[in-house]
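Trainee: I am new to this structure and would like to go through some of its contacts step by step.
Mentor: Then let us look at it together, and ask whatever comes to mind.
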Amino acid sequence: MSMKARFTILALGLSLAASGAALAQSQGVSKDTITLGSIQDLSGPLAGFGKQLRMGMQLRVDEVNEQGGVNGRKLNLKFEDSGYDPKRAVLAAQKLVNQDKIFAMLGHIGTAQNVATFPVLFDKNVISFFPVTAAREMYEPHNRLKYSFAATYFDQIRLGAPKLYKEKNAKKACAIYQDDEFGLEVLRGAEAGLKSIGVELAEKTSFKRGATDFSSQVARMKAAGCDFVVLGTIIRETIGTIGESRKTGFSPTFLASSAAYTDLIHKLGGKPMDGLYAMMTVQNPYLDEASQPIRFWANKYKTKFNDDPTVFSVYGYSVVDSFIQAARKAGPNLTTDSFIKAMDSMTLAPDIFGGAQQTFTATKRLGSDTSRMSQIQDGKWKVVSDYLK
């Protein structure tokens, strides 16, 4: 074989190897950067949560970048606003996936919003990592690109309701719930959990999303003699239902899901909210928290953003921290496949905020299905149970 022929074959081999390497490289990963995306509600009904999520995520990104990044690559996290509208979420996802070329979507808030964007992500092999919603669709049906961390509303109430009902020696269980998929998941959890101890709901009453008057629903539950009420409510509806109940002298045990586990309940609702129970996982961080690590973290957050952190700040921080752990484990040759391989044998240890240990496999894409219970006591959430199994 002539020298020229050998050279041609060698050049062809090198170019094929180079194109193979280019094909193997996933979008969003360069020599020194990992580009990530997040869609938040920054202008709609959950803008308070969206702002806190963004700041919590940014705090962890800044920390890791100051320490040299992940295996030598800095994180570049880009945010888009959905206004909590699924149509706007799709446009935001298209921009992040097709223009910004993100490697993964982190901490996207909202059930309908996430579901609407999945086709955009999955068409381009982009991972949906730890969306901020406790809906089962975040890991079902199975997809290799889906990872979820939030114990579902269904499981929270399925485990919490029978425990609290027995503890309180309750006689009559009822439920008030938002007439949508979120509210129905809470209702289903209540029915399944109470059935396990031979109890049926004596009264079920619903309200339309956006409702502000709950007097007729409260009157129905009071007339039914309920002494235990499961709340398929978020912020305004939780405050409205309990406020109306207190006014009319109706004082059952109230149990809500993690959707109502926010400092806004006691900040906006005041003293009448004392006594409310809610399911939760990680703790709301108060600046004077007894735990020194949480207090230190909360003050660092306050110094950086001049704002008190909330449980949503913790969600954001923890989502990015979990991504960092998996990306480190995936090694210097970060691709979608190497990240998935790392995640599918991943164990995330409990954090300073009390999150449960999470484990993942190729077929188990929800890190943990356990939650615990908190109660508002003297205007603050206090943890009142261990993780329920």
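Trainee: In the hairpin of strand 13 and strand 14, which residue of strand 14 is the bridge partner of Ser374?
Mentor: Keep in mind that this is a predicted model. Strand 13 (residues 372–377) and strand 14 (residues 380–383) run antiparallel and are joined by 4 bridges, and the hairpin has 2 residues between the strands, where Asp378 takes a positive phi near 50°. Within strand 14, the bridge partner of Ser374 is Val383.

Trainee: At what angle do helix 3 and helix 4 pack?
Mentor: Helix 3 brings residues including Ala89, Val90 and Ala93 to meet a set in helix 4 that includes Ala116 and Val120, and by class this contact has 9 nonpolar, 3 polar and no charged residues. The crossing of the two helices is right-handed. Their axes are 8 Å apart, and the packing angle is about 35°.

Trainee: Is Glu185, the salt-bridge partner of Arg136, buried or exposed?
Mentor: The side chains of Arg136 and Glu185 meet in a salt bridge at 2.7 Å, N to O. Arg136 lies in the loop between strand 4 and strand 5 while Glu185 lies in helix 6, so the pair ties together parts that are 49 residues apart in sequence. Arg136 is partly exposed at 27% relative accessible area. Because buried means under 20% relative accessible area, Glu185, with 7%, is buried.

Trainee: And how many salt bridges does a search of the whole structure find?
Mentor: Another one joins Asp179 to Lys208, with the closest N and O atoms 2.8 Å apart. There is also a network of salt bridges that links Arg60, Glu63, Lys300 and Asp321. For the whole structure, the number found is 25.

How values were computed
Residues are numbered from 1 along each chain as its sequence is written. This is a predicted model: local features need pLDDT of at least 70, side-chain atom pairs count only at pLDDT 80 or more; totals for chains, interfaces and linings use all residues. Side-chain values use heavy atoms; hydrogens and water are left out. Axes are lines fitted to C-alpha atoms, for helices over the stretch in contact, and angles run from 0 to 180 degrees between N-to-C directions. A crossing is left-handed if the near helix is turned anticlockwise from the far one by less than a right angle, and right-handed if clockwise. Contact means heavy atoms within 4.5 Å. Ala, Val, Leu, Ile, Met, Phe, Trp, Tyr, Cys and Pro count as nonpolar, Asp, Glu, Lys and Arg as charged, and the others, Gly among them, as polar. Two strands pair if DSSP finds at least two bridges between them. A salt bridge is a side-chain nitrogen of Lys or Arg within 4 Å of a carboxyl oxygen of Asp or Glu. Buried means under 20% relative accessible area, exposed over 50%, partly exposed in between (1.4 Å probe, protein chains only).
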